[in-house]
Amino acid sequence: MTDSTAHLLSQIGSRLAGQLSLVSLDGRRRPAPPALVVVAHGSRDPRALSTVRALLERVRERRPGLPVHLGHIELNEPLLPDTLAGLGGRQAVLVPLLLSRGYHIKRDIPEMAAASDVHARVAGALGPHPLLVDALYARLVEAGWRTRADEGTRRASAVVLAAAGSRDPESRVDTGRTAELLAERLGVPVVPAYATTSAPTVPDAIRALAARGRHRVAVASYFTAPGRFATECAEAAPWIASAPLGTHPAMAELLLHRYDNALRGAGNCATSHTQPALAM
C-alpha cells in the first residue's frame, strides 16, 4: 500500500467516524457540538493563509464531526464578522490564533462576537502553555539545535524568543512566561525580544547576549505562521533560526484544548472572555 493510499484511507476512516459520532445508539442524530471558530489575525503574506488553513485541517482530523471555521480580524477573508454571520444563531467557541493577551483578544474579538447573532464564548490566548513550548522546542531541533551538548557549548549558547510585540503589558508577561518555560526545557537562557512596538528588538537581544559571552545564539520564531516579522527576525539570527509554529501537531492540540476549556466553563455559551494563565 502506498503512502498516498494509506493517507486517503485514513481520511475516509476519520470522516466515517465523524459521521457515526453524530448518531446515538438508538439511531437518532445527536445535536452538533458548538462550532470551533479559529480567529487568525490576517496577513499580507500568502504563506500565512495557507498555513492557517492547513492547521485547521489538522484540527478537523483530530476531532471528526466538529464544525471548524476560520475568521480573520483583518487583511484576509473570511473576516470574522462574515464567518459569524454564516453561522446564524448557533453556538460557537471563538479560539484566537494569538499567542498572548492584547487588544485583539480583550476588545476586537469580543466586540465582533457581541455584534453577531451567534451565542459565542471567546477563549483566551494560546499562550503561555507547555504545548507551545513543545512546538518551539521541536522547531529549534529541526533547525539544528543539539539536544545534548557539553558544558562549554551550553555556556556559550542562548535563545532569543522572537515575538511580534504589543503595547499591552500583559502581552509581555505572557511572552516572558513562555521564555521561562522554554529556558527550563533547553537549560540555557531564553530572552524574549520583539519585531515591533516593544523592546528589546531581536538584534539588541542578540548583542546583549554576546556581551555576556553567549555567542551561539538561536532565534526561536514565536509566530503562528510565516510573514514579514518572522522573516525579519530570522534574518537577524547569528546562528540558526527556527520556523514559525505553523502546523506543528501541538498547535492543533492546543486549539482543541482551549475550545474544550471554554466549553467547560461556558454554561449557556453566553458571550464572555476568560484567560487561564497556564491551563493544562
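In this predicted model, Pro 128 is located in the loop that joins strand S4 (119–122) to H5. The peptide bond that leads into this proline from Gly 127 is cis, and its omega is near 0 degrees. A further cis peptide bond runs from Ala 199 to Pro 200, with omega near 5 degrees. Pro 200 belongs to the loop between strand S6 (190–194) and helix H8 (202–211). Another backbone feature concerns Leu 75, which has a positive phi of about 75 degrees although the residue is not a glycine. Leu 75 is placed in the loop between strand S2 (68–72) and helix H3 (80–86).

The packing of helices was examined next. Two packed helices are described by the angle between their axes and by the distance between those axes. Helix H5 (residues 130–143), which follows the loop holding Pro 128, packs against H7 at an angle of about 55 degrees, and the two axes are 10 Å apart. Because of this angle, H5 is oblique to H7. The two helices cross in a right-handed manner. On the H5 side, the contact is made by Val 133, Asp 134, Leu 136, Tyr 137 and Leu 140, while H7 contributes Thr 178, Leu 181, Leu 182, Arg 185 and Leu 186. By class, the residues of this contact comprise seven nonpolar, one polar and two charged.

H5 also packs against H10, here at an angle of about 170 degrees and with the axes 8 Å apart. Since angles over 145 degrees count as roughly antiparallel, H5 and H10 are therefore roughly antiparallel to each other. Their crossing is left-handed. Leu 131, Leu 132, Asp 134 and Ala 135 of H5 meet Ala 250, Met 251, Glu 253 and Leu 254 of H10 in this contact. Six of the contact residues are nonpolar and two are charged, with no polar residue present. Asp 134 of H5 thus appears in the contact with H7 and also in the contact with H10.

Helix H10 (residues 249–264) is packed with H2 as well, at an angle of about 65 degrees and with 9 Å between the axes. H2 passes H10 in a right-handed crossing. The residues that form the contact are Leu 55, Arg 58, Val 59 and Arg 62 on H2, and Pro 249, Met 251, Ala 252, Glu 253, Leu 255 and Leu 256 on H10. Seven of these residues are nonpolar and three are charged, and none is polar. Met 251 and Glu 253 of H10 take part in the contact with H2 and also in that with H5.

Empty space in the model was also considered. Rolling a probe the size of a water molecule over the atoms shows where such space is left. The largest pocket holds about 1100 Å³ of space. Its lining consists of 42 residues, of which His 41, Gly 42, Leu 98, Ala 164 and Phe 229 are the closest to the centre of the pocket. Helix H2 (46–62), helix H4 (103–114), helix H7 (169–186) and helix H9 (228–235) each give two or more residues to this lining. The lining is made up of 19 nonpolar, 16 polar and seven charged residues. H2 and H7, which contribute to the pocket lining, also take part in the helix packing described above, H2 with H10 and H7 with H5.

Key: Residues numbered from 1 in each chain as written. Predicted model: local features only at pLDDT ≥ 70, side-chain atom pairs only at ≥ 80, totals over all residues. Heavy atoms only, no water. 1 Å grid on protein atoms, 1.4 Å probe; cavity = no way out; pocket = protein on both sides within 12 Å on 5 of 7 lines; lining within 4 Å. Points joined across faces, edges and corners; volume = space filled by probe spheres on them. Helix = DSSP H or I, 4+ residues; strand = E, 2+ residues; numbered from the N terminus. Nonpolar A, V, L, I, M, F, W, Y, C, P; charged D, E, K, R; others polar. Axes fitted to C-alpha atoms, helices over the stretch in contact; angles between N-to-C directions. Left-handed = near helix turned anticlockwise from the far one by under 90°. Contact = heavy atoms within 4.5 Å. Parallel < 35°, antiparallel > 145°, perpendicular 65-115°, else oblique.
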